[in-house]
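Colleague: I'd like to learn how to read packed helices and paired strands in a model. Could you walk me through some cases?

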Amino acid sequence: MLKIENKADIFHYRTLLFVLVLSILTLLSRYFYLQVIEYERYSSKSQVNSVRAQATYAPRGLILDRNGVVLVENYPTYILTVTPYELDNKEAQFQIISDITNISIDELSRRYKKYYQGRFLPTVIAKNLTFAEISQIEERRLELSGFQYKRFDERLYNDVLKDAHFLGYLRELDRESIPFLDKSQLYRAGELIGWQGLEKQYETELRYSKGIEYIEVDTYGREINTINENNIPAYPGKNLTLSIDSKLQKFSKNLLIDKKGVILVSNVDSGDILSMVSNPSYNLDIYRGETTDSDWSNLLSDEDKPIINRNIAGLYPPGSSFKIITAFNLIEDGLLDPEDSLMCTGSYIPPGSSNTFNCWKGDGHGLVDLNKAIAQSCNVYFYETVQLIKLADWTKTAKIFGFQNKTNIDLPNELIGQIPDKEFFINTYGRWGWSERGVLLNLTLGQGDILVTPLQSLRYINHIASRGKTAKLKLNANKKVEYYDDILLADQTWDRVINGLYDVVNSEGGSGWRAKQSKVKLYGKTSTAENPHGEPHAWFNGFFDFEGQTYSLVVLVENGGGGGAVASPIAGEIVKFFTSEQIEIVNK
Amino acid sequence: MSFFNNYIYGSNEYLGRLYLIVSSLITFGLITLYSISTDPLSISSSFMRQLIFIIFSLFVFFVLNQINVKTIHDNSTLIYIISFLLCFVPFFLTPVENTYRWIDLGFFYIQPGEYLKCATIILIAKYLSNHQLEVKEGYIVFIPILIALLSSFLVLNQPDLGTAVIIFAPVLPMMLWAGVNGFTLFLLIAPAITIIAASNNMIFNIWGVLMFIIFMTFQGSLFKKVLIYFANIFTGLLFPFFWNDFLNGYQRQRFIDFLNPDLDPMGSSYHIIQSITAIGSGGMFGKGWGQGSQTQLKFLPVQESDFILSVIAEEFGFFGIAAIMFLFFMLIKTLLDIAFKSSDYFSSLVIIGLTSILFSHIFVNSAMTIGLMPVKGLPTPFVSAGGSFMLLCFIMLSLVSNLSKN
């Protein structure tokens with residue numbers, strides 16, 4: 001078909017065939033030598049002295065608070081493994097184990113199946129063996145060929161922070177998850193891996209590096225000898241030092257007893273979170289040892305959702321703190337003179353509408369300028385002024401302050417909440433089912449389809465406290481300080497808003513007067529967020545300078561009532577912790 | 001049915017035999033993989049993955065079977081350029097295990113260097129077939145060597161020493177097949193042997209005498225012969241100085257590390273010892289399917305790909321190895337037959353090239369398991385687990401089938 005005809009030479013064919021035969025015969029003779037002539041030698045070598053490479057472990061890194069208090073450490077337990085091919089009578093042997101450990105045979109068989117890795121590899125079937133159990137197993141050693149107990153480290157939580165969601169927990173790896181993990185870490189089924197919270201976030205740092213040890217074993221897998229050559233030692237994981245102050249964390253936790261909600265305290269200058277409480281919570285010890293399915297389903301079905309870290313995964317309407325978003329728009333864009341006053345008569349009727357919108361103060365605030373409107377949280381002032389702002393500008397400002405965006409704190413599974421924009425309203429209410437002016441009346445009060453996480457609220461107050469140059473929030477004390485994108489507003493804008501926040505706490509009639517402190521200047525904003533689940537949520541977002549540093553705090557009491565009445569006093573207590581007035585409570 | 005026969009076999013009687021051998025090898029590989037998989041029927045086991053790769057490769061095989069030989073011949077330069085450029089892609093991706101050899105396609109990895117091997121062969125075959133009248137001249141060898149050098153150099157930078165060496169494997173057999181003068185071929189391999197022989201005085205002396213005899217036997221200008229002879233001797237004498245004195249230990253180690261990025265940190269001798277123990281303890285008849293203690297206790301590393309022959313040796317014994325070696329022998333012999341009977345010169349050369357590649361994989365891999373060669377991650381054709389290479393084997397198979405249908 002092609003131009004040139006094949007003129008292969010029979011001599012060349014024979015040459016190549018000769019090379020082929022020679023090579024194959026060389027290989028075969030070597031195989032023959034190894035397998036037939038030297039068979040005895042290698043057979044006994046494989047039977048008597050097999051070298052098994054065995055993984056060795058080192059402790060996982062500890063988690064410490066900023067003052068070096070150990071929050072999470074390791075706790076040695078004993079586990080029972082079984083090597084399938086060494087079993088001589090599985091039923092009878094399982095019966096013995098069941099008698100010793102009081103675990104039913106069904107349960108033992110279930111675990112045997114679940115963790116099975118191969119006929120020659122040990123499978124974990126029981127955990128947390130007591131010394132009594134170990135000694136009974138040791139006594140019946142001869143009947144229990146194939147069973148072995150081994151040391152296995154679990155996590156032990158400090159009593160102070162047993163219920164801090166952000167710590168997270170470890171979980172046993174099953175075979176299905178392994179292909180999705182980092183191969184270089186050499187994960188195996190049955191090992192523990194950080195599954196939530198900081199344990200997950202810092203898995204690579206906290207995890208030990210596995211070592212390898214070569215052991216001579218006989219045909220039954222019994223260890224004869226350890227070979228020290230070529231061993232690779234295991235190294236412990238790195239410790240993780242948190243920015244959390246465990247005393248403050250405990251103190252804040254006590255302020256929320258019998259309440260649902262959140263307390264966040266941070267250092268504005270470094271972004272360090274000092275306290276992150278989410279109540280109700282649950283005891284992290286549940287992840288240790290054997291957890292029954294009913295414990296789990298109780299935890300998961302609890303209506304108060306103790307399993308959720310509300311700080312990053314609870315979504316709430318923010319309430320009046322969002323009036324500041326309106327204020328930023330008004331001043332920065334020069335839409336009104338902040339000194340100008342409006343008359344609050346206790347209600348507002350939008351032009352061309354017959355609906356009445358009420359101020360929370362029924363008989364009105366009288367003449368109100370911007371400062372007083374922020375300090376006393378006057379609804380009517382913001383109803384009237386928000387009419388000057390476009391919806392798109394308003395939502396843009398909210399997003400600049402980090403809403404509907406992750407704070408990128410070093411925790412997994414953070415939610416972003418929702419800032420409704422034009423598209424959202426069209427999708428939700430139809431093109432004609434809403435009006436820009438109408439929805440702004442809701443949005444300016446931080447109500448109606450807005451959802452934020454408490455951590456976003458903390459970021460928001462930090463943006464204000466630092467005048468737009470704000471350190472990123474973090475829990476790892478040794479993580480380098482990084483900054484969010486700068487928020488560039490005129491000095492005068494920041495001044496106006498910050499003065500307003502000062503008056504919230506410190507002026508006569510300010511809504512947050514209950515938080516007022518004699519020793520430090522506290523700035524803040526109360527919110528009372530209406531919601532469909534019952535009483536309003538009480539919020540207080542604030543910041544204060546103390547000993548040259550700026551600190552911020554967010555208090556949220558779910559369905560607690562008024563922000564001024566419920567959240568402000570709690571905020572005040574937290575400031576007192578700093579000024580040492582509460583030291584004796586802390587040390588109790 | 002005759003249409004089907006014609007479609008698959010063309011008019012060539014040997015293709016049927018070839019397919020039978022390949023099916024046997026694949027079955028052998030699958031049986032072995034089933035034995036070493038912990039949970040063979042789960043989708044992530046090497047057995048199931050291999051099965052999926054084979055089905056996928058078969059599909060590719062049937063698609064490529066449609067392509068005409070003339071298309072391949074006429075576009076050989078284009079095929080080479082595309083394969084060559086494809087080798088640059090991994091340098092723009094995140095490195096896999098610190099090398100730039102792989103392109104991640106999501107469901108599996110492909111190794112463009114593998115395909116460059118085929119493209120290099122096709123280009124060399126085209127050159128040799130277009131210059132058939134000049135093959136008796138010495139200079140004919142330069143272009144094929146340059147093409148192989150170019151491919152090899154690129155692959156070496158990925159870095160992938162195994163593939164870089166394998167690219168050279170087809171050059172000599174193809175030139176021999178094309179009818180290049182035997183003395184010229186000897187001159188090509190002489191320097192390499194000289195360097196290796198230089199490591200030992202005794203061997204070097206024997207080689208010097210042997211080389212002298214060969215030089216005298218062949219005809220040619222005496223001056224040229226003397227020049228080349230002494231060039232060889234000097235290379236051999238200088239190489240140890242260069243290696244020992246000119247490079248310091250650290251540079252030597254760097255060079256070795258560069259060539260062997262995947263050298264096991266625990267020392268490759270551990271692998272070889274485990275492999276030889278597994279093979280030796282298999283004995284004449286083997287320990288039985290799924291009963292190999294070395295294998296099943298996971299003493300044997302990378303057993304599903306690099307050391308699959310050791311698994312076969314342990315579980316099926318010398319008989320198993322003899323059977324698989326017989327299949328390998330028949331595979332290569334059948335391919336040589338096809339090349340010999342082929343009516344077209346270009347096709348015949350390409351088949352010889354592909355055969356050399358398959359054979360060098362078989363040889364290097366087997367030799368490695370029994371400690372005759374250093375550890376190098378070259379898989380065994382049709383038997384080892386691994387998607388990219390299995391696909392390549394089927395592509396080579398479809399090339400052979402296309403080329404022999406004339």
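Modeller: Sure, let's start with a helix pair: helix α9 (residues 171-178) of chain B and helix α17 (residues 345-369) of chain B are roughly antiparallel to each other, because their angle is about 150 degrees. The cut-offs are these: under 35 degrees counts as roughly parallel, over 145 as roughly antiparallel, 65 to 115 as roughly perpendicular and the rest as oblique. Helices here are DSSP runs of H or I with at least four residues, strands are runs of E with at least two, and both are numbered from the N terminus.

Colleague: Before we go on, what sort of model is this?

Modeller: This is a predicted model, in which local features need pLDDT of at least 70 and side-chain atom pairs count only at pLDDT 80 or more, while totals for chains, interfaces and linings use all residues. Residues are numbered from 1 along each chain as its sequence is written, chains are lettered from A and ligands numbered from 1 in the order in which they are written, and side-chain values use heavy atoms, with hydrogens and water left out.

Colleague: What pLDDT does chain B average?

Modeller: pLDDT is the predictor's confidence in each residue, from 0 to 100. Chain B averages 81, and 85% of its residues score at least 70. Among the elements of chain B, helix α1 (residues 2-9) has the lowest mean, 50, and helix α16 (residues 308-341) the highest, 92. Over residues 261-268 of chain B, pLDDT stays under 50. For the complex, the predictor gives an ipTM of 0.85 and a pTM of 0.59.

Colleague: Back to the helices. How far apart are the axes of α9(B) and α17(B)?

Modeller: Two packed helices are described by the angle between their axes and the distance between the axes. For α9(B) and α17(B), the axes are 8 Å apart. Axes are lines fitted to C-alpha atoms, for helices over the stretch in contact, and angles run from 0 to 180 degrees between N-to-C directions. The crossing of this pair is right-handed, meaning that the near helix is turned clockwise from the far one by less than a right angle (anticlockwise would be left-handed). On the α9(B) side, the contact (heavy atoms within 4.5 Å) is made by Pro173(B), Met174(B), Trp177(B) and Ala178(B). The α17(B) residues include Leu349(B) and Ile352(B). By class, there are seven nonpolar, three polar and no charged residues. Ala, Val, Leu, Ile, Met, Phe, Trp, Tyr, Cys and Pro count as nonpolar, Asp, Glu, Lys and Arg as charged, and the others, Gly among them, as polar.

Colleague: Are helix α6 (residues 112-130) and helix α18 (residues 387-403) of chain B roughly parallel or roughly antiparallel?

Modeller: They pack at about 20 degrees, with axes 9 Å apart, and are therefore roughly parallel to each other. α6(B) passes α18(B) in a right-handed crossing. Among the contact residues are Tyr115(B) and Ile122(B) of α6(B), and Phe389(B) and Leu392(B) of α18(B). This contact has nine nonpolar, one polar and two charged residues.

Colleague: And at what angle do helix α11 (residues 323-332) and helix α14 (residues 391-400) of chain A cross?

Modeller: Roughly 115 degrees, with the axes coming within 9 Å, so they are roughly perpendicular to each other. The contact residues include Phe328(A) of α11(A) and Trp394(A) of α14(A). They divide into four nonpolar, three polar and one charged.

Colleague: Now strands. What is the order of the five strands in the open sheet of chain A?

Modeller: Strands of a sheet pair through backbone hydrogen bonds, either parallel or antiparallel. Here the order is β12-β11-β19-β18-β17, with antiparallel pairing; two strands pair if DSSP finds at least two bridges between them. The edges are β12 (273-279) and β17 (522-531), each pairing on one side only. The twist averages 10 degrees from one strand to the next. Six bridges link strand β11 (residues 261-267) of chain A with β12(A), and Ser266(A) stands opposite Ile273(A). Helix α8 (residues 246-255) of chain A lies across β11 and β12, at about 30 degrees to β12(A).

Colleague: How many residues lie between β2(A) and β3(A) in their hairpin?

Modeller: Five, and Gly68(A) in the turn has a positive phi of about 85 degrees. Two bridges join the antiparallel strands β2 (residues 63-64) and β3 (residues 70-82) of chain A, with Leu64(A) partnering Val70(A). β3(A) also pairs antiparallel with strand β5 (residues 147-157) of chain A over eleven bridges.
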